[in-house]
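This report introduces a protein structure to a reader who has not met it before. Please consult the sequence and the structure shown below while reading.

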Amino acid sequence: QLQFVESGGGLVQPGGSLRLSCEVSGLNLDRYAIAWFRQAPGKEREAVSCITNRGRSTNYADSAKGRFTISRDNAENTKNTVYLQMDSLNVEDTGVYYCAADLRLFGPCVLLLSTYKHWGQGIQVTVSS
């Protein structure tokens, strides 16, 4: 069973940056694509970005393109961690951010909520002046 530890959230002013981390533990992690989703108050959960199992390909929602960068550290001697670097944040980026895993060995990762069967607890990001 996969386990997730998300960190790096908090309060930031518009135009600022945050880096979210998602430490994943469990079996056969190199078989899973990892994604970040977010949910703003009163809104549905939406995809932000994803990265393939070996980190060779990424995908971004239009709202994240040019501002967010996803990366992945799969090295055996380090903890398996996926990062989301968020720059030029604005108030619309406020919400709870979740990392999630999709068992996918081949092909690109997908930004579809129903594809992801394993979820972290979420971490709050607030962009406010």
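Which residue in strand 8 does Ile 70 stand opposite? Ile 70 faces Leu 84 across the pairing. The model in which this is seen is a predicted one.

**The sheet**

Strand 7 and strand 8 run antiparallel and are joined by six bridges. Both belong to an open sheet of four strands, arranged in the order 1-3-8-7 with antiparallel pairing. Strand 1 and strand 7 form the edges, each pairing on one side only. From one strand to the next, the twist averages 15 degrees. In general, the strands of a sheet pair through backbone hydrogen bonds.

**The cores**

Leu 84 also belongs to the largest nonpolar core, which has 27 residues. Leu 84 is among the residues with the most contacts inside this core, together with Leu 20, Trp 36, Phe 68, Met 86 and Tyr 97. Several strands each supply at least two residues of the core, including those in the table.

| Strand | Residues |
|---|---|
| Strand 3 | 18–25 |
| Strand 4 | 32–39 |
| Strand 5 | 46–51 |
| Strand 9 | 95–103 |
| Strand 11 | 123–127 |

Strand 3 provides the largest share, four residues. Beyond its neighbours within four places in sequence, Leu 84 is in contact with ten residues' worth of surroundings that include Leu 18, Leu 20, Trp 36, Val 48, Phe 68, Ile 70 and Tyr 97.

A second core, separate from this one, has eight residues, among them Ala 33, Cys 50, Ala 100 and Cys 109. In soluble globular proteins, nonpolar side chains tend to be buried together.

Terms used. Residues are numbered from 1 along each chain as its sequence is written. This is a predicted model: local features need pLDDT of at least 70, side-chain atom pairs count only at pLDDT 80 or more; totals for chains, interfaces and linings use all residues. Side-chain values use heavy atoms; hydrogens and water are left out. Two strands pair if DSSP finds at least two bridges between them. Axes are lines fitted to C-alpha atoms, for helices over the stretch in contact, and angles run from 0 to 180 degrees between N-to-C directions. A nonpolar core is a set of buried Ala, Val, Leu, Ile, Met, Phe, Trp, Tyr and Cys residues joined through side-chain atoms within 4.5 Å. Buried means under 20% relative accessible area, exposed over 50%, partly exposed in between (1.4 Å probe, protein chains only). Contact means heavy atoms within 4.5 Å.
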